[in-house]
Each structure stands twice: as C-alpha cells, then as structure tokens.
Amino acid sequence: MRTSLTRTVIALAASSAVMGLGAAPASAENWRGSDPAGDVMTYTSSPEPPPCGTFTEGADPANHTADLVSLAVRHRRDTVELSAGFRDFTGGGQQSLEFDVKTDKHEFSISLDRRRTGAAARISVLRPGEPSAPDECGYYTVMSLVDPCRGLEADLSPSLDVVSVVLPRGCLGDPRWIRVGVQTGRSAGEAWSTDIWAEPGVDTAVYTGPYGPRVRRG
Ligand SMILES: [Ca+2]
C-alpha cells in the first residue's frame with residue numbers, strides 16, 4: 001500500500017536527519033511525460049475500529065491543486081533539472097512533492113515540503129532504505145538517509161503551475177542515466193489528496209516509482 005502515511009514517515013525521517021527496477025529504452029538528454037487530469041485520489045483515516053482503524057479511499061476529480069499533469073527531465077552536462085506541472089498550483093496549504101530518481105547506481109528521492117503557513121519549501125535529497133515488513137495493519141516504514149547536496153535549488157511558480165528543482169549531477173553520484181517519477185500530496189481538510197505520475201495502465205501501488213524512461217547525460 002502506497003499511502004500518504006508511508007510518505008509522511010519519509011518526511012519525518014528527513015527532518016530528523018539522523019535516520020537514516022526494470023529496463024527501459026535509452027533516450028536523449030530531455031524527456032517529458034504527461035499525466036491525466038482529474039485523477040487525484042483522497043485518503044481519510046479513522047482510528048475505529050481498533051487496532052487498524054478504517055482507511056477510506058476516494059476519487060477527487062475536481063481537485064486542481066494536487067493534480068499532476070506533466071513531468072519533465074533535463075539531464076545536462078553538469079546538472080539535473082526536474083519539473084512537475086500541475087493543473088492549478090495556486091493557493092496555499094501544506095503540500096509535499098517527491099521526485100523519485102533511479103540511476104545506474106542508486107535510488108534517490110528529492111523531497112519538497114511546503115508548510116501550511118508559507119510558500120517556502122524545505123528540500124532534501126534522500127537515499128531511501130528498504131521498507132520494513134508490513135505490520136498487522138499493512139503499514140510499513142522506510143528510513144531514509146539525508147544526502148547533503150550543495151547547490152540544490154527549488155522553484156515554486158504558482159503562476160506557471162510548475163514546481164522545479166535543479167541539482168548538480170554530483171548529488172546523484174554522477175550517473176550515466178536517470179529515470180524519474182513524481183508524486184504529490186496535499187492536505188484537504190481531514191483528508192490527504194495525492195497524485196502519482198504514471199503512464200496509462202501502469203500500476204502506482206508500488207514502493208517507488210513508477211519511473212519514466214532513461215534520460216542520459218547531454
Ligand atoms: Ca493527474
């Protein structure tokens with residue numbers, strides 16, 4: 001189960017700073033993929049009945065602000081640029097966004113966390129560990145190491161409905177190629193709204209990814 005709860009655990013690991021596959025055709029240095037509009041899912045949890053409570057999943061096609069519509073990757077000589085396009089990124093509210101990056105060496109997660117009270121976002125490069133075995137309720141946890149990355153920058157542009165990050169290739173171990181996925185979560189009252197970029201027909205109920213094709217260094 002890939003839920004906001006799981007991703008929240010990752011965010012907490014990042015904030016503490018102490019905790020710590022598949023082939024695809026080669027492609028050029030730039031790649032851009034689309035994601036359907038109107039496919040935001042909403043999750044609500046209740047503690048009843050114990051011990052696992054109730055977890056309710058629903059569709060929220062009218063949600064604009066958590067609706068990913070594009071993913072773009074530029075793998076340049078010295079930097080990697082990742083951009084996520086939203087249906088409408090205006091408005092405030094707590095929101096998280098993660099670019100999942102698989103390279104020829106490692107997997108990374110570039111995490112942005114915008115607090116409820118401001119537009120500024122915390123941004124981190126994480127190296128996720130293996131998920132724990134699911135507990136009796138099906139939940140698992142993931143410990144992620146925070147990788148220092150000097151030069152990591154993020155740009156949240158509500159007027160363009162785009163969130164982008166730029167980072168030196170060295171922060172990803174100077175990879176020969178990268179594959180990228182993206183997901184976002186946003187608070188919506190008592191619920192948590194999420195969207196995961198995916199090609200049509202691709203299952204998103206996995207721990208990491210799905211990923212786009214390999215994008216080699218330009
Ligand atoms: Ca979408």
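**A predicted strand-rich chain, read from its loops to its core**

A convenient place to enter the structure is Asp161, which is partly exposed because 18 other C-beta atoms lie within 10 Å; on this scale a residue is buried if 20 or more other C-beta atoms lie within 10 Å of its own, exposed if 12 or fewer, and partly exposed in between, with C-beta atoms placed from the backbone. The model is a predicted one, so local features need pLDDT of at least 70 and side-chain atom pairs count only at pLDDT 80 or more, while totals for chains, interfaces and linings use all residues. Residues are numbered from 1 along each chain as its sequence is written.

Asp161 is found in the loop between β10 and β11, and its phi is near 60°, a positive value in a residue other than glycine. Asp174 also has a positive phi, near 50°. This residue lies in the loop between β11 and β12 and counts as partly exposed, with 13 C-beta neighbours inside 10 Å. Two cis peptide bonds can be added to these backbone features. One joins Glu48 and Pro49, with omega about -10°, and another joins Pro50 and Pro51, with omega about 5°. Pro49 lies in the loop between β2 and β3, as does Pro51. For context, most residues other than glycine have a negative phi, and most peptide bonds are trans.

Turning to the chain as a whole, the protein has one helix and 14 strands; helices (H or I, at least four residues) and strands (E, at least two) are DSSP runs, numbered from the N terminus. Of the 218 residues in the protein chain, 34% are buried. The mean pLDDT is 84, and 83% of the residues reach 70 or more, where pLDDT is the predictor's confidence in each residue, from 0 to 100. Over residues 1-26, pLDDT stays under 50, and the model has 51 contacts beyond four places in sequence for this stretch. Two residues are in contact if their C-beta atoms, placed from the backbone, lie within 7 Å.

An open sheet of five strands follows the order β1-β4-β5-β11-β10, with antiparallel pairing. Its edges are held by β1 and β10 (153-157), each with a single partner strand, so one side of each is left without a neighbour in the sheet. From one strand to the next, the twist averages 10°, angles being taken from 0 to 180 degrees between N-to-C directions of axes, which are lines fitted to C-alpha atoms, for helices over the stretch in contact. Strands pair if DSSP finds at least two bridges between them. Within this sheet, strand β1 (residues 30-34) is joined to strand β4 (residues 68-75) by five bridges, and Gly33 stands opposite Leu71 in β4. Seven bridges then link β4 to strand β5 (residues 79-86), again antiparallel. Leu68 faces Phe86 in β5, while His75 has Val80 as its bridge partner. A hairpin of three residues connects β4 to β5.

Antiparallel pairing also joins strand β2 (residues 41-46) to β3, here through six bridges, with Thr44 partnered by Thr56 in β3. Strand β3 (residues 54-59) is hardly covered: among its six residues, the count of buried residues is zero.

The largest nonpolar core has 29 residues, and those with the most contacts inside it are Val180 and Val182. Such a core is a set of buried Ala, Val, Leu, Ile, Met, Phe, Trp, Tyr and Cys residues joined through C-beta atoms within 7 Å. Elements giving two or more residues to this core are β4, β5, β6 (95-103), β7 (107-114), β8 (121-128), β11 (162-168) and β12 (177-188). Leaving aside neighbours within four places in sequence, Val180 is in contact with Leu71, Val73, Leu82, Phe99, Asp100, Val101, Tyr211 and Gly212.

Two loop residues complete the picture. Leu152 sits in the loop between β9 (144-147) and β10 and is partly exposed, with 16 other C-beta atoms within 10 Å. Its contacts beyond four places in sequence are with Ile123, Val125, Val165, Leu167 and Cys171. Leu152 and Leu167 are 15 residues apart in sequence and 4.5 Å apart in space, C-alpha to C-alpha. Arg176, in the loop between β11 and β12, is likewise partly exposed, with 13 C-beta neighbours inside 10 Å. Beyond four places in sequence, Arg176 touches Asp104, Arg216 and Arg217.
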